[in-house]
Amino acid sequence: MKNEELACEPNTEPNLFELCLGGAGNRRSQWIRAVASLCLALCAYCTNMMAQTATFGYFSYEGNDARFDKQYDPSNQYLNPVIAGFYPDPSVCRKGDTYYLVNSSFAFYPGVPIFSSKDLVHWQQLGHVLDRESQLKLYHHGVSDGIFAPAISYNKRNNTFYMVTMNMGERTVFYVKSKNPAEGWSEPFQLKHGGMDPSFLFDNDGKAYLVYTTRPKDGQRYQGDMAIHANRFYVDADSVSSQSMELVRGGSQTENQPQWLEGPHVYHIGNYYYLMCAEGGTGSQHSEVIFRSHSLTGKWESCPQNPILTQRDLGNRDDAVSSTGHADLIQTASGEWYAVFLGCRPYEGDLYNTGRETFLLPVTWQNGWPIILEKGKAIPTIINKKGLQPASDNLNTGNFKYTDDFKSAKLDQRWIFLRNPVKEFYSLGTDGITIKAVPADVSQKESIAAIFRRQQHATFTAETEVNFKPSTAKELAGMTLFQNENHHFVFGKTLISGKPAIILSRTDKETAIIGSVMLTEDEANKPLKLRVCGNGRYYSFYYSFDKGSSFSGGDHSFASSDHTLGSSEWQPMVIGADASNLSTHQAGGFTGTVIGLYATSNN
């Protein structure tokens, strides 16, 4: 019986609620009709809920930046950045001979990637600090909401690590703690008092303080006028005092009305407390400044050499690094000092798609002040450091390539999701990873069916193979290069006018289809290979149905006349598309480009 037939007979249809109560009689035909109606409705619901699936056989990536194409001694020299790609706002601590580092993650899940190292250079990812929903809620958050500027500290008095941060989308300040960062972290402790970019100071006398950015107590005198406050933190009670101390307001040269004093860290070194902060905003005027005082409540003096780190006064140069700041200091077991900080690698002007990355420099002391980099000096690419322990599987910096065939029992921890993921939207098998499409797409502030890896190079090739048979024009599966909801590319297989096709769309606030090709019946039934070759501002997109055209690197010059890229079957979709829409400068926000394997039923 069809739904239409039932719908035409509303007066003869019994009410199911009444039937259950026995109030509509016990005629057998009425029960049969009612049950049939319910079954058909359930079948229609289940049909609508059955998600189309896409299976990705592999994902391959190769980076080939000129910056990293240099000869150096990995046992006594290292490359900057030490962690390339979207790994901003680094914070570091040490226990014994092991260092731990965390980064901001914003609306990506799991939250706060955490790394360990023995030499501050070669970092091994342990996982994520916030790896379950009870710790991190990101539903409907914008990409640059979520987790801001986490700070990691080690309290030697109770042998406990602390990570404190702010969930900007939830407007909550909280921390988690752990005895062993490799084995997981506690449930969150919500703090009733605090502000942006919080960090802990565990002082030599056993007292502890929460330090953070907020508005000055007597109000802002100009836009961007911010202050650094501190509240007592009671370790045993896991609570913070409501009484705050204002340490510094404005910045290092208040007569110039400095803006956006933030990212504070307080260190008790020798006879001084040092307060180090970012200043000037996160863009090209970014810098790091420092103050000192004999006590937290005393008068704070500004370092005469402020800023102690910036690149804003330098002109055009090779291997340029910009927007440096948001630093954290660390002392080695042998007494040396280093700073981790964020920086960006523009490919032209102020354009960079890789986001804010983690850099490392040695710190020198001058007249009792730490200096990360003297004024007028450019961030070097190669830095000397003795006794390094190079890793054979380093995927953090330099030029490298890798392929994930998804044959492991668990998804590699470098894959991340946008917001809290839809339950069980993917599965791993012998054919690769199967992703179940959901009715949400990359333009929405929703949980989408996609897994992401960071773009870590300006010059790169990314490739995948997808097996997918769309049944409607709303369904699409393939790759996305994603900066935020309003700035991305989508490259995949769908239907156009009921016929299978490959499309490429570019979104720069508005979405435009910049490439499409209709598929033959034979092509539509084959697995589809997709490839993206990026070269700074310009990305080229290719497709293939050739089983022999597996990943072997890419032609980053885009100068090939036949665009074969090592296989006669690679076909160009679009050559040299303008990808400046993926730059932070144009897209806004605080993240970097991520490359996703993606399926949607809301195309």
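This is a walk through a predicted model, stop by stop, with something to select at each one.

**The whole chain**

Start with everything shown as cartoon. The protein chain has 603 residues, and 55% of them count as buried. Colour by secondary structure and you should find five helices and 40 strands. Switch on a surface next: the chain exposes about 25,300 Å², with carbon and sulfur atoms supplying 47% of that area. For a feel of how the chain folds back on itself, take the contacts between residues at least 6 apart in sequence; 60% of them join residues at least 24 apart.

**The nonpolar cores**

Now select Phe-59, Ile-451 and Phe-541. These are the residues with the most contacts inside the largest nonpolar core, which has 96 residues. Nonpolar side chains do tend to be buried together in soluble globular proteins.

Zoom in on Phe-541 and show what surrounds it. Leaving aside neighbours within four places in sequence, Phe-541 is in contact with several stretches of chain: Leu-481, Phe-489, Phe-491 and Leu-504 are among them, and so are Arg-531, Val-532, Pro-572 and Met-573. Then hop to Leu-329, Leu-360, Ile-372 and Ile-379, which belong to a second, separate core of 38 residues.

**The largest pocket**

Which residues lie nearest the centre of the largest pocket? Select Arg-94, Tyr-154, Phe-202, Tyr-267 and Ile-330, and you have them, out of 29 residues in the lining. The space inside is about 810 Å³. To see the walls, colour strands β3 (91–95), β8 (147–155), β12 (196–202), β16 (262–269) and β21 (322–331); these are the elements that give two or more residues to the lining.

**A buried arginine**

Go on to Arg-356, in the loop between β22 (337–344) and β23 (357–362). Is this arginine buried or exposed? It is buried, because its relative accessible area is 5% and the cut-off for buried is under 20%. Show the residues around it: beyond those up to four places away in sequence, Arg-356 touches Gly-85, Phe-86, Tyr-87, Pro-88 and Asp-89, along with Phe-106, Thr-282, Leu-342, Gly-343, Cys-344 and Phe-590. Try a distance here too: the C-alpha atoms of Arg-356 and Leu-342 are 5.9 Å apart, with their positions 14 residues apart in sequence.

**The cavities**

Tyr-87, one of the residues Arg-356 touches, also takes you to the next stop. It helps line the largest cavity, together with Leu-395, Tyr-402, Arg-414, Arg-453, Arg-454 and Gln-456. That cavity has a volume of about 60 Å³, and the model has two cavities of 30 Å³ or more.

**A glycine in the final numbered strand**

Select Gly-596 in strand β40 (residues 594–600). Its relative accessible area is 0%, so Gly-596 counts as buried. Measure from its C-alpha to that of Ala-450 and you should get 6.0 Å, although the two are 146 residues apart in sequence. Outside its neighbours within four places in sequence, Gly-596 is in contact with Ile-451, Phe-452, Gly-478, Met-479 and Thr-480. You have met Ile-451 already, among the residues with the most contacts inside the largest nonpolar core.

**Backbone oddities**

Most residues other than glycine have a negative phi, and most peptide bonds are trans. Here are four places to check against that.

- Tyr-109 and Pro-110 are joined by a cis peptide bond, with omega about -5 degrees. Pro-110 sits in the loop between β5 (108–109) and β6 (111–117).
- Asn-306 and Pro-307 are also joined by a cis peptide bond, with omega about 0 degrees. Look for Pro-307 in the loop between β19 (301–302) and β20 (309–310).
- Arg-171 has a positive phi, near 55 degrees. This arginine is in the loop between β9 (160–167) and β10 (172–178), and at 58% relative accessibility it counts as exposed.
- Gln-257 has a positive phi as well, near 50 degrees. Find Gln-257 in the loop between β15 (239–249) and β16; with a relative accessible area of 46%, it is partly exposed.

**Last stop: cysteines**

Finish with Cys-277 and Cys-303. Cys-277 is buried at 0% relative accessibility, and Cys-303 is buried too, at 3%. How many disulfides does the model hold? The count is zero.

Note on methods:
Residues are numbered from 1 along each chain as its sequence is written. This is a predicted model: local features need pLDDT of at least 70, side-chain atom pairs count only at pLDDT 80 or more; totals for chains, interfaces and linings use all residues. Side-chain values use heavy atoms; hydrogens and water are left out. A disulfide is a pair of cysteine sulfur atoms within 2.5 Å. Buried means under 20% relative accessible area, exposed over 50%, partly exposed in between (1.4 Å probe, protein chains only). Helices (H or I, at least four residues) and strands (E, at least two) are DSSP runs, numbered from the N terminus. Contact means heavy atoms within 4.5 Å. Accessible areas come from the Shrake-Rupley method with a 1.4 Å probe; for residues, only the protein chains shown count as cover. A nonpolar core is a set of buried Ala, Val, Leu, Ile, Met, Phe, Trp, Tyr and Cys residues joined through side-chain atoms within 4.5 Å. On a 1 Å grid over the protein atoms alone, a cavity is a set of points where a 1.4 Å probe fits but cannot get out, and a pocket is an open set with protein on both sides within 12 Å along at least five of seven lines; lining residues have an atom within 4 Å of a point. Grid points are joined across faces, edges and corners, and a volume is the space filled by probe spheres set on the points.
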